[in-house]
Amino acid sequence: MLSWSIEETRGRLNVLAISQPTLDPLIPGGSELLAYVDATLSGDDIATARNAVVAAISPEAAVDAAAVTGNFEMMNRIADGVGMPVGGGTRQRMRQIITDLQLDRFPHA
Amino acid sequence: MSDFTEAPLPVRNDLQDSFRHLWHRLAAPGTWWTGIERTAIAHVARAAYEATSPVAISSIPEPASVAAALLGKTPAAVTEELIDAWEQQGLDANHYVELVAIVAMVTAVDTFYRAMGLDLEPLPSPLPGEPSRTVPHPPAIKTKAWVPMVGPPTIPSSLSAVPAELEALESLHGPMYLSYEEMGDPAIQKGLSRAQMELVAGRTSAFNECFF
């Protein structure tokens, strides 16, 4: 569901950070949030990453980040499991970002 | 289910309630699978995600076990050809859509628990009873997506071939992310701003290589 999220956020953050988390997303706590997602999905030192979000934003933010990560683990499985098509308009609007993020490497792109 | 007293941070009541509701539904007979089969599907998907040894489950057919494991571990590897092959082996579209829903929703809750540093919630004991075998009206039709849907293929209609699962999805993704109504508000602020939420969502999708 990456194309959907990018459409929702374009202009409000550095979307390149989504696929290259070493880049600064340019929003408060952005780097800490990226690290928390990666830690959760890789199982690598989750507590440290969660504490960093608490320190950078708030305890409520860390709980919400955990919930949003879980939600998109769910939505990814639904979108990929049912073969949800990406509309031609979306694909056209995202042509540059697809190139920049190298999204064509994804299996369902 | 856990009362979250062991959680390192306070867990919102609406999240706790949605998880409890899901666990109760998981144990009960669904639209096409029994409670025993639904919890077996969840067990296979969880084991695949945890990269433990493949589990042999006799209570669900082989193609259902294969599909649950693949969706649990590497959903981007699912293809239309695989779904067609599973159907030829007896896993019809209605059973498959309910299976997708079970795997996806259990993975959502499991991921939250992992992120919070909690032990995974034990899967519920199955409840007796027969599936309802309720079909939607108007009927679901296969068009551009890989499974039948009621109306055009969009995320809100993704599970519409099995209406009870679509309803369950909506009751979970409101507390975990945003309701469909809230999604129309770019300035909405919960514990995270909308931009922060989408950063988390986008990174999760990138990690899973989910293009949609």
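## Where the two chains meet

Start with the pairing of the chains: 65 residues of chain A are in contact with 65 residues of chain B. Keep in mind that this is a predicted model. Putting the two chains together buries about 5,900 Å², and carbon and sulfur atoms give 71% of that area.

What about charge pairing? The rule finds 2 salt bridges across the interface of chain A and chain B. One of them links A:Asp64 to B:Arg12, with the closest N and O atoms 2.9 Å apart. Polar contacts also show up here, with a count of 17 residue pairs between chain A and chain B, both partners at pLDDT 80 or more.

## What chain A brings to the interface

Which helices of chain A give two or more residues to the side that touches chain B? They are helix H1 (2-9), helix H2 (16-19), helix H3 (30-42), helix H4 (46-56) and helix H5 (59-82) of chain A. H5(A) gives the most, with 24 residues.

By residue type, the side of chain A that touches chain B breaks down into 39 nonpolar, 15 polar and 11 charged residues.

## Chain B as a whole

Now for chain B by itself. Its secondary structure comes to 7 helices and 0 strands, so reading along the sequence you'll just see α-α-α-α-α-α-α. The radius of gyration of chain B is 17 Å, close to the 17 Å that the globule rule gives for 212 residues, so chain B is as compact as a globular protein of that length.

If you want a feel for its dimensions, the C-alpha trace of chain B spans about 45 × 35 × 30 Å along its principal axes.

## Two domains in chain B

Chain B splits into domain 1, covering 13-176, and domain 2, covering 182-212. Taken over C-alpha atoms, the centres of these two domains of chain B are 23 Å apart.

How many residues are in contact between the two domains of chain B? On the domain 1 side there are 4, and they are in contact with 6 residues of domain 2. Together the two domains of chain B bury about 300 Å², 63% of it on carbon and sulfur atoms. On the domain 1 side, B:Ala76, B:Ile155 and B:Gly174 supply 66% of the area buried against domain 2, more than any other three residues.

As for specific interactions between these domains of chain B, the rule finds 0 salt bridges. It also finds 0 residue pairs in polar contact, with both residues required to be at pLDDT 80 or more. The residues on the side of domain 1 of chain B that touches domain 2 divide into 2 nonpolar, 2 polar and no charged.

## Backbone oddities in chain B

Two spots in the backbone are worth a look. As background, most residues other than glycine have a negative phi, and most peptide bonds are trans.

Where does the cis peptide bond sit? It joins B:His137 and B:Pro138, with omega at about 0°. B:Pro138 is found in the loop between helix H5 (93-115) and helix H6 (163-176) of chain B.

The other spot is B:Phe4, which has a positive phi of about 65° although it is not a glycine. You'll find B:Phe4 in the segment before helix H1 (13-27) of chain B.

Technical notes. Residues numbered from 1 in each chain as written. Chains lettered and ligands numbered in written order. Predicted model: local features only at pLDDT ≥ 70, side-chain atom pairs only at ≥ 80, totals over all residues. Heavy atoms only, no water. Domains from an automatic or database assignment. Contact = heavy atoms within 4.5 Å. Buried area = accessible area lost by both parts, 1.4 Å probe. Salt bridge = Lys/Arg side-chain N within 4 Å of Asp/Glu carboxyl O. Polar contact = N/O pair within 3.5 Å; in protein donor to acceptor, adjacent residues only side chain to side chain. Nonpolar A, V, L, I, M, F, W, Y, C, P; charged D, E, K, R; others polar. Helix = DSSP H or I, 4+ residues; strand = E, 2+ residues; numbered from the N terminus. Rg over C-alpha atoms; globule rule 2.2 N^0.38 Å.
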